[in-house]
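Reader: I am new to protein structures. Could you take me closely through one part of this one, and then show me what lies around it?

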Amino acid sequence: MTRGFACLVLLLLTSQLIFAQSPDSSNQSNWSYHFQLTVVNQSHSGFKAAYSGMNSLADTVETGATSITTTLFFGRRLWRGGALYFNPELSGGQGLSYSVGVAGALNGETYRIGYPAPVIAVARGYFQQWFPLGHPSYEQADDEINQLDGNLPTRRLVITAGKFSMSDFFDGNSYSHDPRTQFLNWGIMSNGAWDYPANTKGYTAGLVVELIQPKWEARVSSVEVPVIANHSDMEYRFGKAHSETAEVTRKFMARNHQGSISLLVSYTASRAPSYQQGLAALKTGDSALLLVIQGNARGNAFGGNKTGVCLNMEQELTRDLGFFARLGWNDGKHVTWAFTEIDQTVSAGLSLKGTTWKRDFDVFGIAGLLNAISADHRAYLKAGGYGFIIGDGNLNYGHEAILETYYSARLTKSFWASFDYQFVHNPGYNKDRGGPVHVFAVRGHIEL
């Protein structure tokens, strides 16, 4: 499927070069160029642990876990409403304990990095076309990352095909969505119960269709899923391996302040075994199946499926203060296949601009997160099973609770420096390794 989309992109680019279609307006640029560089350095305190396993967060002090990502964002207008986007990206480094041991993992910039050495890859490459609906008014779109400047119809149909991240389109939130500038924790930057389809670095390929209206939005997608849990190889097999997501967003005003609420429903079919199969494999010593669950081997059987439902809301309270919350659930019968080992979650937080202390572009954020897993998932971990994120060899179950706060300061027009702190209780849902764990981070971010 990825090869087919690559051919589509090449064909569209060739047609642009041959026929030289005119853009929307002579005042608009045909090209968009942007750049970002983000470096995160994290450390955590030592804590008491009764035992440790293969996927445990280290109970000793860890320092100097550093990640780096740098991305080029190219956009090319083809014709009215049509554009190509291409994002080469370099990523490398590692998270604390190689990003295992905490379901609400600690650094969103490491959540798909499989190797410490920086590697260059294509993050995104997709074609996008919008069509006006009815007789709409138009709004001005600025030149931003993966967005060309120009007039956009306020009522439009948008079709996107190619390689992208599902988070580019779904589960968006103004106050908590980007680990490069906002909260770092996986379960706060995204809905952790949405096991959204992605390769090791967070990308997939497929189709997204969006219907945009002034007061509401709707979008649906069908995309590839990993061949191996949390792996770079992807596949799309009708009826066997695919993932569909649908989301509806309602926008509103409350006391002259903007807000929105979104409902997301997802269904994924894959090679994922069930936790009950994992329990049987532990009893019989079926190491082959256990390696599949851990993301270290390819399974030959299909039939894994997962259904999820997520709520996402945001509300501007004042000109400078915003509130956000997420609620998520999945059935928890089959093993986690792409994102992280969270079956139920709730998070909420506040984001405050620095206008009051005359730092208009600074932001202070604070949020809380509570994660849980299904009964089958608990039984599998209790019996000594491992996923690809958590597993201590045993489990004394308790909810995983995390508090995160950060301060982001814009020091120059293009450079932000942040300090981040996370308090983690019961990492990996294990009261025998309950901590608490104190996690500290500094982050530098350049955006042009």
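Author: Here is a short tour that starts from one buried side chain and works outward.

The model is predicted. Start with Phe73. Phe73 sits in strand 2, which covers residues 62-79. Is Phe73 buried or exposed? Its relative accessibility is 3%. Buried means under 20%, so Phe73 counts as buried.

What does Phe73 touch? Leave out residues up to four places away in sequence. Its contacts then include Ser32, Tyr33, His34, Phe35 and Gln36. Phe86 and Asn87 are also on the list. So are Arg124, Ile145, Asn146 and Arg180.

Now compare sequence with space. Phe73 and Val61 are 12 residues apart in sequence. Their C-alpha atoms are 37 Å apart in space.

Follow one contact of Phe73, namely Asn146. Asn146 lies in the loop between strand 5 and strand 6, the latter being residues 150-153. With 16% relative accessibility, Asn146 counts as buried. Its backbone deserves a look too. Most residues other than glycine have a negative phi. Asn146 is not a glycine, yet its phi is positive, about 55°.

Arg255 gives a second case. Its phi is also positive, about 55°, and Arg255 is not a glycine either. Arg255 lies in the loop between strand 12 (242-254) and strand 13. Is Arg255 buried or exposed? Its relative accessibility is 81%, so Arg255 counts as exposed.

One more backbone feature belongs here. Most peptide bonds are trans. The bond from Gly435 to Pro436 is cis, with omega near 10°. Pro436 lies in the loop between strand 19 and strand 20.

Strand 19 spans residues 415-425 and holds Asp420. Asp420 is buried, yet has no salt bridge. Which side chain of opposite charge is nearest to Asp420? That is Arg443, at 5.6 Å. A salt bridge needs a nitrogen and an oxygen within 4 Å. Asp420 touches Leu184, Glu404, Thr405 and Tyr406, along with Val439, Phe440 and Ala441, again leaving out residues up to four places away in sequence.

Strand 20, residues 437-447, contains Glu447. Glu447 has 31% relative accessibility, so it counts as partly exposed. Glu447 also belongs to a negative surface patch. Its partners there are Asp142, Asp143 and Glu144.

The surface has a nonpolar patch as well. Its members are Ile261, Leu263, Val265, Val309, Leu311, Leu327, Trp329, Val346 and Leu370. Together they have about 710 Å² of accessible area. Strand 13 (257-270), strand 14 (304-316) and strand 15 (321-330) each give two or more residues to the patch. Which strand gives the largest share? Strand 13 does, with three residues. Trp329 comes from strand 15. Its relative accessible area is 40%, so Trp329 is partly exposed.

Finish with His135. His135 sits in the loop between strand 4 (119-132) and strand 5 (138-141). At 83% relative accessibility, His135 counts as exposed. His135 and His334 are 199 residues apart along the chain. Their C-alpha atoms are separated by 47 Å.

How values were computed: Residues are numbered from 1 along each chain as its sequence is written. This is a predicted model: local features need pLDDT of at least 70, side-chain atom pairs count only at pLDDT 80 or more; totals for chains, interfaces and linings use all residues. Side-chain values use heavy atoms; hydrogens and water are left out. Patches are made of residues with over 30% relative accessible area and no salt bridge: like charges are joined within 9 Å, nonpolar side chains (Val, Leu, Ile, Met, Phe, Trp, Tyr) within 5 Å. Accessible areas come from the Shrake-Rupley method with a 1.4 Å probe; for residues, only the protein chains shown count as cover. Helices (H or I, at least four residues) and strands (E, at least two) are DSSP runs, numbered from the N terminus. Buried means under 20% relative accessible area, exposed over 50%, partly exposed in between (1.4 Å probe, protein chains only). Lys and Arg count as positive and Asp and Glu as negative; His and the chain ends are not counted. Contact means heavy atoms within 4.5 Å. The place of a charge is taken as NZ of Lys, CZ of Arg, CG of Asp or CD of Glu.
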